[in-house]
Every structure is written in C-alpha cells, then in structure tokens.
Amino acid sequence: MFWTKIKRVVRAGFVSFWRNGYVSLASVLVMTVTLSVIASVMFIGALLGSTLEGIKDKVDINVYFVKSATEDDVRELQRTLQTLPQVALIGYTSREDALKQFRERHVSDSLTLSALDELSENPLGANLNVRAKDPSQYEQIVNYLQTRIDSDAANNVKVIDRINYTQNKQAIDALSRIIDASRRLGAIVIGFFVLVSVLITFNTIRLAIYIFREEIAVMRLVGASEAFIRGPFVTVGLMYGFVSALVTLILLYPFTYWIGPLTLKMGTGLNLFEYYGGNFGQLFLIVTGAGLFLGAVSSYLAVKKYLKV
C-alpha cells in the first residue's frame, strides 16, 4: 500500500512536470542560472586558492650580508639556521656567484655593466636563500634572524645587511585578503540567486496549485492526506532541481574546456578543465544536491502556503 502511494505520487509529479512544459522550462532555466553561479564560485575559489598556494611555494627568505662578512660568518649562520625545526632548505650564494648572477640578469643592460666594470671591487655581498617547511613558519625564522641582527648591533658588529621577507609577506597577506573578500562576495551572490530561484520556483508551484485547485479540493473532500496532495508538487520541484543540475553540468563541460588553457596561462597553476574532470564527482554531488534542495524547499513552502484551497 505504501509503495503504491509513492508510485502514484511520483507518477503524478512527472505528469505535472511535462503537462506544464513552459512553466517547467522557465523554472529549470532560472535554477540553472543559480546552480551555474554556485559552480562558478567553486571554480573561482579553486583558482584563487591555487594561485595563493603557487605564490606561497615561491616565497622564501633572502638574507643579504654586508661585503665585509667573511665566508665563515655566513657559514656559521647557515649552520645555525639549519638547526631550526622550521627550516627545510638553505641555499648559499657567495659574493662571486652573486656578481655572476647579477651580470647574467643585466646582460642586455650595457650601461649597468659598464658602471659595474668601473668599480674596483665586487659591490655585492653573499646571501642565503632560506625556505621553510610551511609558509606559516617564515615569521618564526624572521624573528630569529632579527634577534641575531639585534645581538650583533649590541656588540657593535654588523654581519647581516638586510632581509627581504617583508615585501613577500605583504603580497601574500594582500592576496589572502582578496581571496577572503571574494569568497564573502561569492556567498552573497549565491544567496541572492538562491533567493531569486526559490521565489520563482515558489511562484511556479503556486501557479500549478492554482491550475489544479479544483482537483486538490476534491482530493481533500474524499479524505486525501496533506502528504499525498503535497507529494506530486514536491516531486515536480525535485525534477526542476535535478534537470537544472544536469543542464548546468553539461554546459560547464564546453565552458571549462574553452577557458581551461587560459586559466593556466594566467599563472594560476590550475587548468579549470582538468579541475572539472578531476573533481566531477564532488561537483555533481554539490550541484545536484543544491538543485534538489532548492526545488524541494521551494515546492514544500508553496504547497504549505496554498494547500488549503
């Protein structure tokens, strides 16, 4: 008996979906826009996250030494830094190598090279390139280096000329703020489209209820339960959501295929088409789940409000 009622409810929902073709099409299109926005926010979040991770991977600390610093001074600091648990790798560049790299970077700048040749000695000092095990640990390494600088200054000794991490940290912090702001904006946009979708689907179901108001009245007179009356309309709402999800996922395929290489060339480190294929299961669950939820909730609210016809 129970399964018989379920079959009748589902069948009635399917009949209503196809019978009101234009109304169903309008609802599907609106919900497709909403689900597309949800998927787009996911894509944007993935792109921004990949960009941030790529920048973090390139972040390091360059410790520049004064020209008078001896190789023993540099090596001693290198050995000390290697004992820190936060340090993953340290690269050493001697004064001679630093000068060679400088010449290679400015090989097309004859004026700079000429000025360099006029100098009687190498103007560059040695430097250490320090990479942390985790980007969050750079701050601790910088604090340690600053302690060494203060200690040397107290002893009237200067070995470290400067540390360049501050600029990198500011860039990362700025990008992190942009990502957080974009996520908040994305949430607002999703909320707006979800609200619009619910309202339109709500009014669509209400229109369907108005069309079948006499049938609903007869069903109530013969003793049909509210659940039995509400069932077909909720089924229609679920169909709106499911069809909209399928349409959204189908449209995303050519879109990501076209824009995927562009996102990679932009330096995000992520091909959006590969992300779409690699995370299709997750996208399918989220987009389909959101569609079913929107359809069911809007239908339930509409039926609840207009059930007593």
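Here is a quick walk through one sheet of this predicted model and the loop and helix that come after strand β2.

Start with the sheet. Its 4 strands are ordered β2-β3-β1-β4, the sheet is open, and the pairing is antiparallel. Strands β2 (87-93) and β4 (160-163) sit at the edges with a single partner strand each, so one side of each has no neighbour in the sheet. On average, neighbouring strands are turned by 20° against each other, ignoring direction.

Now zoom in on β2. It runs antiparallel to β3 (residues 127-132), and 6 bridges join the two. Look for Ile 90 here: across from it in β3 is Val 130. Helix α3 (residues 71-82) packs on the sheet and touches β1 (61-65), β2, β3 and β4. The direction of α3 makes about 170° with that of β2.

Next comes Ser 94, in the loop between β2 and α4 (95-105). Is Ser 94 buried or exposed? Its relative accessibility is 12%, which is under the 20% cut-off, so Ser 94 counts as buried. Its side chain reaches the backbone nitrogen of Asp 97 at 3.2 Å.

Helix α4 itself has two faces:

| Side of α4 | Residues | State |
|---|---|---|
| One side | Ala 98, Leu 99, Phe 102 | buried |
| Other side | Glu 96, Lys 100, Glu 104 | exposed |

Why do Ala 98, Leu 99 and Phe 102 count as being on the same side? They cover an arc of only 100° around the axis, so they share one side of α4. In general, an α-helix has 3.6 residues a turn, so residues three or four places apart point the same way. The cover over the buried residues of α4 includes β2, α5 (110-118) and β3.

Technical notes:
Residues numbered from 1 in each chain as written. Predicted model: local features only at pLDDT ≥ 70, side-chain atom pairs only at ≥ 80, totals over all residues. Heavy atoms only, no water. Pairing = 2+ DSSP bridges. Axes fitted to C-alpha atoms, helices over the stretch in contact; angles between N-to-C directions. Contact = heavy atoms within 4.5 Å. Buried < 20%, exposed > 50% of the residue type's maximum accessible area, 1.4 Å probe, protein only. Polar contact = N/O pair within 3.5 Å; in protein donor to acceptor, adjacent residues only side chain to side chain. Arc of directions from axis to C-beta.
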